[in-house]
Amino acid sequence: MTQHITVTHTHGTRISVASGGVELMAYVYRPDPEAFEARKPYAHPLRTLAGNPVSGYRPSDHRWHKGLQMTSSHLSGQNFWGGNSYLGPEQGYQHVEERVGSMRHDGFEEFVVADDRLRFVENLTWVANPSVQHSGGQEWAREVRTIELHSVEPEEGTWALDWSIRLTNIRGEALHFGSPTTAGREMAGYTGLNWRGPRDFTGGDVIGPDGRGGEGEKGASDLMGTPAAEAPWVAFTGEHDGVDGHSTLLFAHAPENLDNTESIHASHWFVRSEPIPSVAPSWAFFEEFELPPGESFGYRYRVVVADGAWDRARAEGYLENHGW
């Protein structure tokens, strides 16, 4: 049986969702002020029903990592991920402020609060860095983002977050989506919806379907670069500091992501357990793709936040019992 939620909207800044006396999520749509961190909305903190934190914010190794956020690490020479830009094998990562773009919150076209769920539709604009010659401050893409928090189930110790994106090219010329791997760095194809875990999840266990994954970095290495068509979900389990216990995050593709009727390009998993905990269903891991002017693409994902350490049977059972 689902449990009711309480939604607090601090207009112009953030949306907080609580249940059972615990703030489960804050969605911050007034971006942090540092332009080099690619100003854009993010979801942090994320907590389990027991109140344990399962997201990291501005860690010392990557200040631009902020909970769960939509990113694009390589987009036609711009960096909508934040921080240093990868410029190829010869130059590596460089601090190039004029490469870092931003995502502007333009408003909500829908905002619905029910007893046991929150659903909102947000309009955003992806904007090139103002200092870029010939394209400074130019609007490149319109995004319609849908967020739905639902299925708060105390008996299961779980709640779920659905995150979808519909992105349209408004630049007037093609947009090219890539990643550090498409620029020459092996097995670093991060881009798209990215989760950064808390520091104590470093070295956590990662599993996928069909026997994929295993303990710690072995599991992450096994799943790194795996096509979503072969592994439609990934689960990451970490052990907390300060309290006795584990928590698990389950990341899953919606069915339409896998048949390429709605998504423009096949996805692959970016998964790390060490030196940092991170998961992203990357939309441009190995190959760039092009979005022509006026064209759109879309993806839909689910993130399940759970108390306890889950095994493969628990993850698959949850997905079977909770439809899209």
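Reader: Is arginine 47 buried, partly exposed or exposed?

Author: This is a predicted model, so take the value as computed from it. Arginine 47 has a relative accessible area of 23%. Buried would need a value under 20%, and exposed one over 50%. That puts arginine 47 in the class partly exposed.

Reader: Which residue does arginine 47 form a salt bridge with?

Author: Start with the distance: the closest N and O atoms of the pair are 2.9 Å apart, and the rule asks for a nitrogen within 4 Å of a carboxyl oxygen. The pair ties together distant parts of the chain, with arginine 47 in the loop between β4 (42-46) and β5 (68-71) and its partner in strand β3 (residues 22-28), 24 residues apart. That partner is glutamate 23.

Reader: And which arginine, at 3.6 Å between the closest N and O atoms, forms a salt bridge with glutamate 23?

Author: Look for a residue that is partly exposed, with a relative accessible area of 26%. Its closest N and O atoms to glutamate 23 are 3.6 Å apart, and the residue is arginine 14.

Reader: Lysine 66 forms a salt bridge too; what is the distance between the closest N and O atoms?

Author: The partner of lysine 66 is aspartate 32. This pair also links distant parts of the chain: lysine 66 is in the loop between β4 and β5, aspartate 32 in the loop between β3 and β4, and 34 residues separate them. Between the closest N and O atoms, the distance is 3.0 Å.

Reader: Is lysine 66 buried or exposed?

Author: The cut-off for buried is under 20% relative accessible area. Aspartate 32, the salt-bridge partner, comes in at 12% and counts as buried. Lysine 66 has 5% relative accessibility, so the label is buried.

Reader: Which residues are linked with Asp32 in a network of salt bridges?

Author: We already have one link, from lysine 66 to aspartate 32. The network takes in an acid and an arginine as well, and its members besides Asp32 are Glu37, Arg58 and Lys66.

Reader: How many salt bridges does the count come to?

Author: The pairs above are part of the tally, among them arginine 47 with glutamate 23. By the 4 Å rule, the count comes to 19.

Reader: On to the sheets: in the open sheet of nine strands, which strands stand at the edges?

Author: The order is β9-β10-β11-β12-β22-β18-β17-β15-β16, with antiparallel pairing. The two end strands each have a single partner strand, so one side of each is left without a neighbour in the sheet. Those edges are β9 (102-113) and β16 (213-214).

Reader: How many bridges join β9 to β10?

Author: The two strands form a hairpin with four residues between them. Methionine 103 has tryptophan 126 as its bridge partner in β10, and phenylalanine 108 has glutamate 122. β9 and strand β10 (residues 118-127) run antiparallel, and the number of bridges is 10.

Reader: How many of the residues in β10 are buried?

Author: On its other pairing, β10 meets strand β11 (residues 139-153) in the antiparallel sense over 10 bridges. One of them puts leucine 118 with leucine 149 in β11. β10 is mostly covered, and of its 10 residues the buried ones number eight.

Reader: Which residue in β22 stands opposite leucine 161?

Author: Strand β12 (residues 158-169) and β22 run antiparallel and are joined by 11 bridges. Strand β22 (residues 296-307) is mostly covered, with nine of its 12 residues buried. Opposite leucine 161 stands valine 303.

Reader: And in β22, what is the bridge partner of leucine 249?

Author: Strand β18 (residues 246-253) pairs with β22 in the antiparallel sense, over seven bridges. For leucine 249, the bridge partner in β22 is valine 305.

Reader: In the open sheet of three strands, what is the bridge partner of phenylalanine 177 in β21?

Author: The order is β6-β13-β21, with antiparallel pairing. β6 (74-75) and β21 (289-291) are the edges, each with a single partner strand, so one side of each has no neighbour in the sheet. Three bridges join strand β13 (residues 175-178) to β21. Phenylalanine 177 has as its partner phenylalanine 289.

Reader: Which residues does proline 227 touch, leaving out those up to four places away in sequence?

Author: Proline 227 is in the loop between α1 (216-223) and β17 (233-239). At 25% relative accessibility, the residue is partly exposed. Its contacts beyond those sequence neighbours are Ser267 and His268.

Note on methods. Residues numbered from 1 in each chain as written. Predicted model: local features only at pLDDT ≥ 70, side-chain atom pairs only at ≥ 80, totals over all residues. Heavy atoms only, no water. Pairing = 2+ DSSP bridges. Salt bridge = Lys/Arg side-chain N within 4 Å of Asp/Glu carboxyl O. Buried < 20%, exposed > 50% of the residue type's maximum accessible area, 1.4 Å probe, protein only. Contact = heavy atoms within 4.5 Å.
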